[in-house]
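Here are my notes from a first pass through the model, written so you can follow along with it open. Have a look at it first, then read on.

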Amino acid sequence: MTQISASEVANLRKITGAGMMDCKQALQESNGDVEKAIEILRKKGQKIAAKREDRDAKEGCVLGGVTADGSWGAIVVLNCETDFVSKNEDFIAVTQSILDTALANKPADLSALKALKVGNLTVEDIVTDQMGKIGEKIELGFYDFIQGKSVTAYIHPGNKLATLVGFNNTIADAQIGKDVAMQIAAMNPVSIDKDDCPSDIIEKEIEIGKEQARREGKPEAMLEKIAVGKLNKFYSENTLLNQEFVKDSKLTISQYLQSSDKALTVVAFKRFGLQ
């Protein structure tokens with residue numbers, strides 16, 4: 001068996017971040033060839049992925065960001081098995097590097113993001129390498145983006161929840177964008193306004209309203225009208241522009257935006273939080 005020095009092991013560990021014993025074994029297997037050893041470690045990561053297919057990767061790091069011109073934003077989620085790993089600085093840094101790659105290249109979907117290269121490795125390879133280093137199931141679980149004249153990102157402390165909000169105009173005061181992004185994080189709206197509320201949600205709310213009215217003894221012929229009337233309360237609580245502003249309950253979000261710019265409104269938003 002090829003004798004491997006401590007300095008060679010340390011060098012490989014510095015390059016890959018893998019454990020000392022893993023690095024030593026990989027170098028012995030490759031007869032001291034560093035490139036082959038790196039490939040062996042990557043294959044080990046792939047084996048870990050195969051062994052852990054049935055494991056749940058429900059923890060992770062959720063990050064959002066915007067491009068330098070502020071017109072495009074993305075959210076990425078790198079999942080892992082334990083909260084301990086999700087809080088590791090290196091794990092967060094890897095997630096950030098994937099987000100930076102998304103912001104630089106604006107991939108169309110998750111598959112396109114996985115295929116992008118960071119240095120000599122694809123994003124998918126980097127995720128596999130993380131499994132080899134950490135020994136947990138790691139997966140790039142979510143990616144989405146929005147665009148607008150101005151886009152703001154918000155990451156809730158702890159990296160478990162992130163939001164994006166896009167506006168139709170440039171925002172003079174960055175605090176406005178942050179306030180609305182935080183509103184989305186706190187209140188989890190289902191849509192921007194009444195008009196874009198999903199039809200299946202509206203139908204469900206009407207059925208709930210009818211059943212409530214029926215239990216209250218209202219006439220059957222009045223149930224539909226009563227249920228539709230209850231929708232206004234639903235819209236005020238669950239559509240972004242009609243929600244009360246959490247920092248000033250006297251204003252709706254729409255009124256808050258118009259206090260800065262009469263034409264200002266939201267054109268898109270995204271929210272992702274780990275369960």
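**Notes on helix packing and one sheet**

1. Let's start with a strand pair. Strand E6, residues 150-155, and strand E7, residues 161-167, run antiparallel and share six bridges. Keep in mind throughout that this is a predicted model.

2. If you want to check the register by eye, two pairs will help. Tyr154 sits opposite Thr163 of E7, and Ile155 has Ala162 as its bridge partner in E7.

3. Now the turn. The hairpin of E6 and E7 has five residues between the strands, and Gly158 takes a positive phi near 105° there.

4. The pair belongs to a bigger picture: three strands make an open sheet in the order E6-E7-E10, with antiparallel pairing. Which strands stand at the edges? They are E6 and E10 (266-273); each has a single partner strand, so one side of each has no neighbour in the sheet. On average, neighbouring strands here are turned by 10° against each other, ignoring direction.

5. Don't skip the helix on this sheet. H8, residues 174-187, lies across E6, E7 and E10, and runs at about 130° to E7.

6. Over to helix pairs. Two packed helices are described by the angle between their axes and the distance between those axes. For H1 (residues 6-16) and H2 (residues 20-29), the axes come within 9 Å and cross at roughly 110°. Angles of 65 to 115 degrees count as roughly perpendicular, and H1 and H2 are therefore roughly perpendicular to each other. Their crossing is right-handed.

7. Who does the touching? On the H1 side the contact is made by Glu8, Val9, Leu12, Arg13 and Thr16, and on the H2 side by Met20, Cys23, Lys24, Ala26 and Leu27. Sorted by class, the residues of this H1 and H2 contact come out as six nonpolar, one polar and three charged.

8. The other pair to look at is H5 (residues 89-105) with H7 (residues 123-134), whose axes come within 11 Å and cross at roughly 175°. Because an angle over 145 degrees counts as roughly antiparallel, H5 gets that label relative to H7.

9. In that contact, Phe91, Val94, Ile98 and Thr101 of H5 meet Val123, Ile126, Val127, Gln130 and Ile134 of H7. How many charged residues does the contact of H5 with H7 have? There are no charged residues in it; the classes are seven nonpolar and two polar.

Terms used: Residues numbered from 1 in each chain as written. Predicted model: local features only at pLDDT ≥ 70, side-chain atom pairs only at ≥ 80, totals over all residues. Heavy atoms only, no water. Axes fitted to C-alpha atoms, helices over the stretch in contact; angles between N-to-C directions. Helix = DSSP H or I, 4+ residues; strand = E, 2+ residues; numbered from the N terminus. Parallel < 35°, antiparallel > 145°, perpendicular 65-115°, else oblique. Left-handed = near helix turned anticlockwise from the far one by under 90°. Contact = heavy atoms within 4.5 Å. Nonpolar A, V, L, I, M, F, W, Y, C, P; charged D, E, K, R; others polar. Pairing = 2+ DSSP bridges.
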